Structure formats: C-alpha cells, structure tokens
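Trainee: I'd like to learn how to read cavities and sheets in a model like this one. Could we go through it together?

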Amino acid sequence: MNRFEYVEARLHDEETFVSRDRSVKIYDGDEKTEYEDGEVVLTTHRLFWGRPGEIARAAITLCLSLRHVISLSEETASSYFFGRKTRYILYLREPTPDKAPGPIDHSPHGHIKLSGKNGLSQEFGSALRQTIEARIWEVIIIPRPLSQADNAQSPNSSANQAQLRLKMRTGIGGIERSIEAKAKETDENIALAFQDLNVLMAMAKDMVAISKVISTKIREQKGEISDDETVRFKSYLLSLGIDDPVTRDNFSSNSEYFRSLSQQICELLLDPIEEQGGMMSLADVYCRVNRARGLELLSPEDLLHACQQLNGPIKLRKFPSGAMVLQLESQDDEVVAEDTLDKVKAMKSLAVEELAKDLGISLLLAKERLLAAERLGKVCRDESVEGLRFYPNLLLHRDMDS
C-alpha cells in the first residue's frame with residue numbers, strides 16, 4: 001500500500017481511459033484494509049481507487065502508477081455465500097523517493113490484491129493485463145533534425161529546430177496493435193510447427209512399412225528369437241502404429257467406411273486378443289486402436305459402429321451387465337467356463353481381483369468370466385463381509401468327482 005499516492009482523479013494529456021469496475025477492495029499483501037466497496041478506474045498509465053462518486057468529481061483519490069507494477073497474476077477464491085471469485089495480484093517495485101504522500105509510508109508487503117464481493121469482472125481483468133503488458137508509459141523520444149529546406153522556410157521558428165517523434169504505442173489502439181502482433185507471431189509459430197509435423201508423419205509411414213517387413217520375418221523365424229525379444233519388439237511395433245489408417249474422407253458412404261474400419265481393427269487386434277486369452281474390453285480396444293492410428297483418432301461412436309460390423313474371427317459381445325468386449329469366435333462360454341473352473345479348483349476359491357492378477361486381465365473381464373462360469377453351473381458364489389468369492393459347484397459335480 002505504500003506505493004499508492006493521494007492525487008486528484010484527472011487524466012494527464014498523454015493518458016487515456018481504459019476500463020473501470022465497482023465494488024472493489026484492496027488488500028495490502030494478504031491483509032485486508034479499510035479500502036472496500038470502492039470504484040476503480042484503469043488508464044494507460046495509472047490505477048485510481050475512490051469511494052463511489054469521488055472519481056467522477058475529480059476528488060482526491062488513491063492512485064497507483066503502473067510503472068511500479070512488475071507482473072500480474074490471478075487467484076481464485078471460493079465462499080459459501082458468494083461462490084467462486086477471481087482476485088488479481090499486482091507485484092510491485094519499491095517506491096521511488098519522489099513519490100507523493102499516500103495512505104501509509106511503509107509496508108512489509110511487495111504486492112497488493114484487487115478483489116470484490118463477486119470478484120473483478122473478466123473484462124476489467126483482461127484490460128488490466130493487456131495494459132501492463134503494453135507498458136504504454138515507457139516513452140522513447142527520438143529527436144530528428146529538420147532538413148535545410150525546412151529551415152529555410154521557417155528560419156525564425158524555434159519550434160522547428162528539432163522534431164520529436166514518439167516511438168511507442170498509445171491508447172487503446174496501441175493495445176490492439178500489440179495484441180494483433182502477438183497473434184501474428186503465434187500463427188507463424190503454429191505454421192512452422194505443422195511443417196515439422198508433416199515431415200515427422202512422412203518419416204513415420206516409412207518406419208511402419210519397415211516394421212511390417214521385420215514382423216513378417218519374426219513370424220518366419222520364430223524359433224530363432226527368444227520370447228522376451230519378441231515381446232519387446234512387438235511393443236516397438238505397436239508404438240509405431242498403422243501406416244495407412246482408414247479415414248472417413250476416403251469413402252462416399254458410412255457403410256463402406258465402417259466396413260473397412262472393422263477389417264482394419266480386426267487385423268490390428270487379432271494377435272493382442274489371442275495373447276489376452278481371447279477377450280478384450282472395449283475400453284482397451286479404444287486405447288489400443290487410437291494409439292496405433294496416431295493423429296487420425298477415432299471417436300467412441302465410430303469405434304462402436306465399426307465393432308458392430310465385425311464378422312471375421314473377432315466379434316463384439318455384450319454381457320448381461322452391459323459390459324462390451326471383443327471376443328474370438330472360437331472362444332465360447334463353455335470353453336471360458338471350463339478354463340475358469342480349472343483356475344478356481346486349483347486355488348480352492350477365487351475372488352475377482354485374484355483371477356484378474358492370475359490371468360493378467362482387467363477386473364471387468366475377470367468378473368465376467370466368473371459370472372459366465374456361474375451361469376453355466378460351474379462355480380457358485382459366496383458373499384460375506386470379506387467380499388465376493390467363487391467356489392467350485394460341488395452340488396452339481398460331486399458325482400463326477402467321486
């Protein structure tokens with residue numbers, strides 16, 4: 001607060017009005033002050049604060065020169081009665097020796113806060129930030145001597161001895177020009193970034209083509225490469241993605257687009273689904289497909305429509321619980337139930353999380369496997385305070401076991 005001065009609320013010749021806000025209070029650092037419910041007026045050079053009506057009467061008010069402001073930041077506060085509101089924090093330089101008297105002479109704080117019952121308006125906050133960034137009060141005066149012809153025309157004029165040129169941005173127009181210059185610079189940076197991205201995409205297609213050739217050689221020479229090396233290299237291939245992803249722009253109808261997309265999904269996920277035991281949740285499918293497609297991302301709706309048209313070795317299945325998975329056609333409920341029963345028998349009993357950890361699958365798939373086995377009478381559940389566990393169904397299979 002020791003940067004504020006008592007001055008009349010009048011504009012200087014080079015000063016321009018920018019914005020105003022009402023019901024504003026000032027904090028000295030984080031401490032409240034007596035300056036509450038006032039009106040604040042922002043100009044190109046200063047910030048005025050006064051009681052309602054004082055600034056309009058050009059009365060003596062608080063004034064902060066913007067040359068004291070180092071930077072500006074925001075903070076969001078919440079209240080039970082007034083909800084969320086935005087405060088603006090102005091970090092200040094030390095006061096100069098020639099500063100006029102103000103409300104206090106000394107303050108331990110290096111910043112002030114502007115706030116209100118409902119926070120400052122977004123328009124005022126934006127104008128404050130732009131004005132501080134423009135720094136219109138920093139004026140560079142460059143003298144430019146007159147030519148001999150000009151001197152000859154007015155030899156006795158002392159005003160023509162030198163011509164002053166202001167090299168600066170003044171008023172609202174200056175702020176707008178500053179914003180336009182920054183926007184132009186941003187557009188140029190974005191254009192340059194996309195040029196680099198196009199080069200990267202072209203190189204990525206070549207790398208994916210090479211990866212397909214190496215993948216074919218791995219299948220032909222499977223016995224000569226260890227399992228660990230195969231798994232590691234498959235992860236590298238997956239990170240490279242699809243060289244030519246199916247996009248809607250290449251098709252005239254939705255039916256052709258979804259049919260081609262379903263074929264590509266089947267080719268991409270056939271091996272991963274086999275490695276996961278013949279089943280993969282639709283959430284995992286969405287992540288894997290979009291990771292492989294790179295920048296050509298699929299929406300959840302397009303992925304679902306494509307999966308509904310699968311008619312090859314993979315099919316879309318919806319469980320009674322509503323969960324949807326992609327499942328191998330050869331993997332029917334009887335096979336899954338028998339395999340799950342063997343796991344349960346080996347461990348005496350199993351919980352969902354135990355089966356998921358044992359098979360390396362998600363909790364959703366593990367639960368659906370156990371529920372499928374229960375529907376076929378292979379296992380039975382026991383619900384207690386310890387949770388849900390599944391046991392072999394001895395009532396149906398005790399004759400076979402005996």
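Mentor: Gladly, and keep in mind that this is a predicted model. Let's begin with the residues around the largest cavity: Met279, Arg317, Phe319, Gln327, Asp333, Val336, Glu368, Arg369 and Ala372 form its lining.

Trainee: How is such a space found, and how many cavities of 30 Å³ or more does the whole structure have?

Mentor: The general idea is that a probe the size of a water molecule, rolled over the atoms, shows where empty space is left. Here the search of the whole structure turns up one cavity of 30 Å³ or more. The volume of the largest cavity is about 30 Å³.

Trainee: Which elements give two or more residues to that lining?

Mentor: Helices α8 (333-347) and α10 do. The biggest share comes from α10, which gives three residues.

Trainee: And what is the chemical character of the lining of the largest cavity?

Mentor: Sort its residues by class and you get four nonpolar, one polar and four charged. You can also sort by domain: domain 3 (242-322) and domain 4 (333-392) each supply at least three residues to this lining.

Trainee: Now the sheets. Where do I start with β12, β13 and β14?

Mentor: Start with the strand order. This is an open sheet of three strands, ordered β12-β14-β13, and the pairing is antiparallel. β12 (279-281) and β13 (314-318) are the edge strands with a single partner each, so each has one side without a neighbour in the sheet. From one strand to the next, the twist averages 30 degrees.

Trainee: How many bridges link β13 and β14?

Mentor: Five bridges, in the antiparallel sense, pair β13 with β14 (residues 324-328). For a residue-level view, look at Leu316, which has Leu326 of β14 opposite.

Trainee: Which helices pack against these strands?

Mentor: One is α5 (residues 254-275), which touches β12, β13 and β14 and has a direction at about 80 degrees to that of β14. Another is α10, lying across β12, β13 and β14 at about 125 degrees to β12.

Trainee: What is the strand order in the sheet that contains β15, β16 and β17?

Mentor: The order is β15-β17-β16, in an open sheet of three strands with antiparallel pairing. At its edges are β15 (350-351) and β16 (379-384), each paired on one side only. β16 is joined to β17 (residues 387-392) by six bridges, and Cys380 has Tyr391 in β17 as its bridge partner.

Trainee: Which helix packs on that sheet?

Mentor: It is α10 (residues 363-375), touching β15, β16 and β17, with its direction at about 120 degrees to that of β16. So keep α10 in view as you turn the model: this helix also lies across β12, β13 and β14.

Terms used: Residues are numbered from 1 along each chain as its sequence is written. This is a predicted model: local features need pLDDT of at least 70, side-chain atom pairs count only at pLDDT 80 or more; totals for chains, interfaces and linings use all residues. Side-chain values use heavy atoms; hydrogens and water are left out. Two strands pair if DSSP finds at least two bridges between them. Helices (H or I, at least four residues) and strands (E, at least two) are DSSP runs, numbered from the N terminus. Contact means heavy atoms within 4.5 Å. Axes are lines fitted to C-alpha atoms, for helices over the stretch in contact, and angles run from 0 to 180 degrees between N-to-C directions. On a 1 Å grid over the protein atoms alone, a cavity is a set of points where a 1.4 Å probe fits but cannot get out, and a pocket is an open set with protein on both sides within 12 Å along at least five of seven lines; lining residues have an atom within 4 Å of a point. Grid points are joined across faces, edges and corners, and a volume is the space filled by probe spheres set on the points. Ala, Val, Leu, Ile, Met, Phe, Trp, Tyr, Cys and Pro count as nonpolar, Asp, Glu, Lys and Arg as charged, and the others, Gly among them, as polar. Domain bounds come from an automatic or database domain assignment.
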